[in-house]
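Good morning, and thank you for joining this group meeting. I would ask you to keep the structure in view while I speak.

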Amino acid sequence: MPSLRERLATYFTSLLPVRVLTRYNMRNEPAFVANQLDVDRLHDILRQAEGGDTRALFALYRDVLLSDSHVQTEFAKRKLAVLGEAMSITPRDKKVPAEVEAAKFIEGFLDGIPGWLKACSHLLDSVLWPVAILEKVYRVEGGAYVLDRLVVVPDQLLDYSTGSLRIRDTDDAGNVLGTTHEPDRTRYIIHRGHLLTTADNWGGPMRSILFWWLLGNMDRDWWARFLDRYGSPFLVGRYDVGDNDSRSVLERAFSLATKLGGLVVTKQTSVELQQASTQSAGDAFEKFHAVSRREISKLILGQTLSADAQATGLGSGVAKEQGSVRNDFKQFDARMLSETLEDQLIKQGLKINGRAGVRVPRVSWGGESADEAKATGELLQNLSQAGLEVDDSGIETVSDRVGIPLRRASRPQAPVALPLTALSAASPLLVASHDATDAIARAGSAPLALAFRGSLAPIRRMIEESTSPEDLSRRILENYPDWQAGRVAALAEQALIAFAANGCARAARDVTTST
């Protein structure tokens, strides 16, 4: 009779994707639609998406991202804030060996997946897109199930005509068929990285920037047309009312002006060169264009200062506040991505390899920003000064915040002070040692006073900071370069004896006082 593990392996093998379903021929991509877009066409595309056909909407999203450098750059900033950090896999409880072993297994499970960074980048598309989907493909290797690759599911294969998310079927050549199938969680990773709860076919967060993008680009086009028409001076002819001969002369002269490079007119007519006020008109276009860009930046990054330099006033704190908002976006994106990977990939990887019942390891991306890490360090320091310390269970939380594995430092045990009478009872030699210490202190007090006075006063600090007699000699030579090496060695020896004698005297007094 097969074992439980063998039966589980057989069951999950029947569920695992062993053949790639996502075969998409890029010739099926819709043509570029942004160059023919106006307000009426945009409303038509949105209505089609609301009805369940999102192909034109996702094609427009593609065109906006590819054709606008500002949108593309801001979107890249949003992604790189997460992908630029190192990903770490940690057990839920480091004291449980099974969970520690599961975390190590998942590190190997995810290591070396082809296109892993690109797959995570596609999942992060859903911070603006309504949804992003990957197909999981496994293989058997060494008796274990290994993730072979993650295949991007193109947006053009998504279908909402039935009222729910489905994926269009394709043939082996990648041509789209007329049938669809429901995305099974055992085969697909489905990620929604935004806070909206509206249906996917309504467009997600990206929908809100479409009109700003359209008006901003139309403004740019209008500005170019304006400059093309009024950027150069134009001619104005004047003639008397009813003087048709002079008018004819002006018309012929204007028609020949581009050929001759000049004008030939009668004395009864006059010509003036007029220049349109392009500066004031250009300022208006530029301001509107800048406003549209700032609105796009606010949606993608939550702030605008990282895209445009703006005067906020000395000490206003606006930059710091906007930086904290951007960091909130980063933390949210990282947590949402980690939750999706834990629930839809790592949990399955543990089950199909016979590790069911173990809590899923935690996935994290980087840690706090530099300012937040500094604030955490100051908080821990203040707690220590107040007589408080982080409990062992809280060290893991602090490690997650700073992004560095931490552990409690080993502390040397403090010596226990015992009365001198008790010590002397245990060892009679201690009383004699105490008397000898007094003698050394008395003998060393005179050299000590001489060593730490006047120009030799810095030697006391050198003794406290030195790690060895040789280090002390080196420090003395650096501060007194005119001295001979023999004199330095003698002075170092004398100072060390006096310093040690003084310390012994203090220790003896402390023991006597405690007694």
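I shall begin with the chain as a whole and then turn to a sheet, the cores, one helical residue and the empty spaces.

Please bear in mind that what you see is a predicted model. The protein chain has 17 helices and ten strands. Of its 515 residues, 36% are buried. If we take the contacts between residues at least 6 apart in sequence, 67% of them join residues at least 24 apart.

Let me now direct your attention to the sheet. It is an open sheet of three strands in the order 4-5-6, and its pairing is antiparallel. Strand 4 and strand 6 are the edge strands, as each pairs on one side only. As a general point, strands of a sheet pair through backbone hydrogen bonds, either parallel or antiparallel.

Strand 4, residues 158-159, is joined to strand 5 over two bridges. Here Leu158 stands opposite Ile167 of strand 5. The two strands form a hairpin with six residues between them, and in the turn Gly163 has a positive phi of about 95 degrees.

On to the next pair. Strand 5 and strand 6, the latter made of residues 176-181, are paired over three bridges in the antiparallel sense. Ile167 appears again, this time opposite His181 in strand 6, while Arg168 stands opposite Thr180 in strand 6. This hairpin has five residues between the strands, and Gly174 takes a positive phi near 90 degrees.

Why is strand 5 described as largely enclosed by the rest of the structure? Strand 5 covers residues 166-170, and four of these five residues are buried, so the rest of the structure largely encloses the strand.

From the sheet we may pass to the nonpolar cores. In soluble globular proteins, nonpolar side chains tend to be buried together. The largest nonpolar core in this model holds 69 residues, and those that touch the most other members are Leu60, Leu110, Ile133, Leu158, Leu345 and Trp365. Leu158 is the residue we met opposite Ile167.

Which residues does Ile133 contact, leaving aside its neighbours within four places in sequence? They are His122, Val151, Val152, Val153, Leu158, Leu165, Ile167, Tyr188, Ile189 and Ile190. Apart from the largest core lies another, of six residues, including Met462, Ile463, Ile476 and Tyr480.

His122, one of the contacts of Ile133, belongs to helix 6, where it is buried along with Trp116, Ala119, Cys120, Ser121 and Leu123. Helix 6 is thus mostly covered, with six of its eight residues buried.

I turn next to a single residue, Phe105, which lies in helix 5, residues 97-110. Is Phe105 buried or exposed? Its relative accessibility is 19%, and the limit for a buried residue is under 20%, so Phe105 counts as buried. Leaving aside neighbours within four places in sequence, Phe105 is in contact with Gly349, Leu350, Asn353 and Arg355. Leu350 is 245 residues away from Phe105 along the chain, yet their C-alpha atoms are separated by 8.4 Å.

Finally, the empty spaces. Rolling a probe the size of a water molecule over the atoms shows where empty space is left.

The largest pocket contains about 660 Å³ of space. It is lined by 22 residues, and the closest to its centre are His122, Asp125, Val152, Pro154 and Asp155. Helix 3 (55-67), helix 4 (69-83) and helix 6 (116-123) are the elements that give two or more residues to this lining. By class, the lining of the pocket has eleven nonpolar, five polar and six charged residues. Both His122 and Val152 are also contacts of Ile133.

How many cavities of 30 Å³ or more does a search of the whole structure find? The search finds one, and the largest cavity holds about 40 Å³ of space. Its lining consists of Lys77, Arg78, Ala81, Leu301, Arg326, Phe329, Lys330 and Asp333. Helix 4 and helix 10 (318-352) are the elements that give two or more residues to the lining of this cavity, and helix 10 gives the most, with four. Three of the lining residues are nonpolar, none is polar and five are charged.

That brings me to the end of this presentation. Thank you for your attention.

Note on methods. Residues are numbered from 1 along each chain as its sequence is written. This is a predicted model: local features need pLDDT of at least 70, side-chain atom pairs count only at pLDDT 80 or more; totals for chains, interfaces and linings use all residues. Side-chain values use heavy atoms; hydrogens and water are left out. On a 1 Å grid over the protein atoms alone, a cavity is a set of points where a 1.4 Å probe fits but cannot get out, and a pocket is an open set with protein on both sides within 12 Å along at least five of seven lines; lining residues have an atom within 4 Å of a point. Grid points are joined across faces, edges and corners, and a volume is the space filled by probe spheres set on the points. Ala, Val, Leu, Ile, Met, Phe, Trp, Tyr, Cys and Pro count as nonpolar, Asp, Glu, Lys and Arg as charged, and the others, Gly among them, as polar. Buried means under 20% relative accessible area, exposed over 50%, partly exposed in between (1.4 Å probe, protein chains only). Two strands pair if DSSP finds at least two bridges between them. A nonpolar core is a set of buried Ala, Val, Leu, Ile, Met, Phe, Trp, Tyr and Cys residues joined through side-chain atoms within 4.5 Å. Contact means heavy atoms within 4.5 Å.
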